[in-house]
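Hello,

Here is the structure I promised, with the sequence alongside. Please open it first, then read my notes below.

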Amino acid sequence: MMAGPYFRRGILIAAMLVVVDQLSKWWILEGLKLPEKGSVPLLPFLSFSMVWNKNISMGIPLSDSLGRWGIVVLTVAISIWLVHWLAKTLRGFEAISLALILGGAVGNLIDRFVHGAVVDFIHLHAWGYNFYVFNVADSAITIGVVLLIIDGLRGGDKSPKNAQKVAESSRDPEGESS
């Protein structure tokens, strides 16, 4: 399979994101030594708070049923699927979205290998509410997913409005899908 025109750029974005994510986590662990401090207030609504996340996104307790290595295998499978999708895409916006998700997934995957859990430290809080503690990789995954949703809702061949037209145009004269 030949890679699309945005594959290299997407892989480069994902790789740069992994580097930024891992450097931020290294600084949190080794420079700031956040595990020893627990939490460091930065602004009235922002702290660095150390959380070792052994679960999946937003603390969903999937590790109870899958275990550490089950989550690793699942993340590797999703990453391979994202690379395949990135190789096939012909659209820059979609490629950037996929690269953000891929880079975030790989960044968190590295944590699971190195630390046995994901290093989360960005803690938003305000007016008595605490939001999930997250990291650079989590942010990239979230932004990438939001961009994919926006891309899907925009006009174009892949939008929900055109799904029926695309499906009909991909059928051959006998009605079989091509």
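**Two helices and a sheet**

Helices α1 and α4 are oblique to each other, because angles that fall outside the parallel, antiparallel and perpendicular ranges are called oblique. Their axes cross at roughly 40° and come within 8 Å. The crossing is right-handed.

Bear in mind that this is a predicted model.

Which residues make the contact between the two helices? From α1, they include G10, I13, A14, L17, D21 and K25. From α4, they include A99, L100, G103, G104, G107, D111 and H115. By type, the residues of this contact divide into 12 nonpolar, seven polar and three charged.

A word on α4 itself. The helix covers residues 92-115, which is 24 residues. From its first C-alpha to its last it reaches 34 Å, close to the 34 Å expected at 1.5 Å a residue. G116 follows α4, and the phi of G116 is positive, near 80°.

Now the sheet. Four strands form an open sheet in the order β1-β2-β3-β4, and the pairing is antiparallel. β1 (39-43) and β4 (129-130) are the edge strands, each pairing on one side only. Four bridges join β1 to β2 (residues 46-53) in the antiparallel sense. One residue to find on screen is P41: its bridge partner in β2 is S47.

How do the helices sit on the sheet, and which strands are involved? α1 lies across β2 and β3 (118-126), running at about 85° to β3. α4 packs on the sheet as well, touching β2 and β3. The direction of α4 makes about 120° with that of β3.

Best wishes

Methods:
Residues are numbered from 1 along each chain as its sequence is written. This is a predicted model: local features need pLDDT of at least 70, side-chain atom pairs count only at pLDDT 80 or more; totals for chains, interfaces and linings use all residues. Side-chain values use heavy atoms; hydrogens and water are left out. The expected span of a helix is 1.5 Å times one less than its number of residues. Axes are lines fitted to C-alpha atoms, for helices over the stretch in contact, and angles run from 0 to 180 degrees between N-to-C directions. Angles under 35 degrees count as roughly parallel, over 145 as roughly antiparallel, 65 to 115 as roughly perpendicular and the rest as oblique. A crossing is left-handed if the near helix is turned anticlockwise from the far one by less than a right angle, and right-handed if clockwise. Contact means heavy atoms within 4.5 Å. Ala, Val, Leu, Ile, Met, Phe, Trp, Tyr, Cys and Pro count as nonpolar, Asp, Glu, Lys and Arg as charged, and the others, Gly among them, as polar. Two strands pair if DSSP finds at least two bridges between them.
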